[in-house]
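Student: Can we go through this one together? I'd like to start with the charged pairs.

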Amino acid sequence: LLLARRLIERDVSFVGVHFNNMTKCDGWDTHKNNFSCLRGELLPILDSGLTNLVVDLHDRGLQNDVSVLAWGEFGRSPTLQGVDGRDHWPRVNSALLAGGGMQTGQVIGGTDRLGGEVISRPTCTGEVFATIYKCCGLDASRLTGTDLSGRPLHLVDRAHTALPELL
């Protein structure tokens with residue numbers, strides 16, 4: 001993350017950071033030893049790294065110019081499976097967004113007490129992407145690529161707009 005911040009200071013437009021298998025755990029895929037891996041190894045690294053990155057960006061006056069997104073492709077099941085593990089759970093997920101001029105410091109949406117079902121302010125992937133694009137000065141409704149047949153393909157479904165709570 002320090003290298004990411006240094007690249008940003010050198011006007012690199014996009015920096016992706018991925019960390020996995022830096023510990024004794026089997027990365028974030030916690031089908032076993034969920035609690036010891038998360039609490040003991042993975043989450044302290046993530047917490048410290050993201051905190052220091054966001055503080056660094058603020059200290060350097062970059063908090064409005066840099067969007068930070070920490071996100072996985074799915075959540076984890078609300079109940080344990082097998083050997084203290086959790087299975088993939090696409091029905092509930094979470095993301096951390098910071099910087100980019102967003103109105104941060106809030107929680108959007110909520111789940112039941114087990115984290116298994118959304119009970120308030122459901123959001124979708126397209127809304128998160130539309131928000132990040134908007135913070136980058138891009139109109140998500142106009143962003144297209146092409147599919148394998150050469151037809152235009154919208155990067156974000158036109159029905160999905162940026163999260164108003166963050167703007």
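Student: What does aspartate 56 form with arginine 60 through their side chains?

Tutor: A salt bridge, with N to O at 3.5 Å. Bear in mind that this is a predicted model.

Student: Is arginine 60 buried, exposed or partly exposed?

Tutor: Arginine 60 counts as partly exposed, because its relative accessibility is 38%.

Student: Which other side chain meets aspartate 56 in a salt bridge?

Tutor: That of arginine 5, at 3.2 Å from N to O. Arginine 5 lies in helix α1 and aspartate 56 in helix α2, so this pair ties together parts that are 51 residues apart in sequence.

Student: And arginine 5, buried or exposed?

Tutor: Buried, because its relative accessibility is 7%.

Student: What joins the side chains of arginine 5 and glutamate 9?

Tutor: A polar contact of 2.8 Å. Glutamate 9 also belongs to a network of salt bridges that links Arg5, Glu9, Asp56 and Arg60.

Student: Which residues does arginine 5 touch, leaving out those up to four places away in sequence?

Tutor: Leu53, Asp56, Leu57 and Arg60. Asp56 is the salt-bridge partner already mentioned, while Leu53 and Leu57 belong to the largest nonpolar core.

Student: Hold the core for a minute. How many salt bridges does the structure hold?

Tutor: Nine. One of them is between aspartate 147 and arginine 151, where the closest N and O atoms are 3.0 Å apart.

Student: How accessible is aspartate 147?

Tutor: Aspartate 147 has 24% relative accessibility and counts as partly exposed. Its partner arginine 151, at 51%, counts as exposed.

Student: OK, back to the core. Which residues make up the largest nonpolar one?

Tutor: There are nine: Ile8, Leu50, Leu53, Leu57, Leu62, Val66, Val68, Ala70 and Ala98.

Student: Which element gives the largest share?

Tutor: Helix α2, with three residues. Both α2 and strand β1, residues 67-71, supply at least two residues each.

Student: What is valine 66 in contact with, leaving aside neighbours within four places in sequence?

Tutor: Ile8, Leu57, Ala98, Gly99 and Gly100. Of those, Ile8, Leu57 and Ala98 are also in the core's residue list.

Student: What lies apart from that core?

Tutor: Another core, of six residues, among them Met102, Val128, Ile132 and Leu166. As a general point, nonpolar side chains in soluble globular proteins tend to be buried together.

Student: New topic, threonine 131. Where is its place?

Tutor: In helix α3, which covers residues 125-135.

Student: Buried or exposed?

Tutor: Threonine 131 counts as buried, because its relative accessibility is 0%.

Student: What does the side chain of threonine 131 reach?

Tutor: The backbone nitrogen of leucine 163, at 2.8 Å. Setting aside residues up to four places away in sequence, threonine 131 touches Leu97, Met102, Ala162, Leu163 and Leu166. Met102 and Leu166 are among the residues of the six-residue core.

Student: Last topic, cysteines. How many disulfides does the count come to?

Tutor: One disulfide. Cysteine 25 and cysteine 37 form the link, with their sulfur atoms 2.2 Å apart.

Student: What is the handedness of the link between cysteine 25 and cysteine 37?

Tutor: Left-handed, with -105° about the S-S bond.

Student: Which parts does the pair tie together?

Tutor: Cysteine 25 is in the loop between α1 (2-9) and α2 (34-59), and cysteine 37 is in helix α2, so the disulfide ties together parts that are 12 residues apart in sequence. Both cysteine 25 and cysteine 37 are buried.

Student: Why is there no bond from the sulfur of cysteine 124?

Tutor: Because the closest cysteine sulfur, in cysteine 135, is 16 Å away, too far for a bond. Cysteine 124 counts as partly exposed, at 28% relative accessibility.

Student: And how far from cysteine 136 is the nearest cysteine sulfur?

Tutor: The sulfur of cysteine 135 is 6.8 Å away, and cysteine 136 is in no disulfide. Cysteine 136 is exposed, with a relative accessible area of 51%.

Notes
Residues are numbered from 1 along each chain as its sequence is written. This is a predicted model: local features need pLDDT of at least 70, side-chain atom pairs count only at pLDDT 80 or more; totals for chains, interfaces and linings use all residues. Side-chain values use heavy atoms; hydrogens and water are left out. A disulfide is a pair of cysteine sulfur atoms within 2.5 Å. Helices (H or I, at least four residues) and strands (E, at least two) are DSSP runs, numbered from the N terminus. Buried means under 20% relative accessible area, exposed over 50%, partly exposed in between (1.4 Å probe, protein chains only). A polar contact is a pair of N or O atoms within 3.5 Å; within protein, one must be able to donate a hydrogen and the other to accept it, and residues adjacent in sequence count only if both atoms are side-chain atoms. Contact means heavy atoms within 4.5 Å. A salt bridge is a side-chain nitrogen of Lys or Arg within 4 Å of a carboxyl oxygen of Asp or Glu. A nonpolar core is a set of buried Ala, Val, Leu, Ile, Met, Phe, Trp, Tyr and Cys residues joined through side-chain atoms within 4.5 Å.
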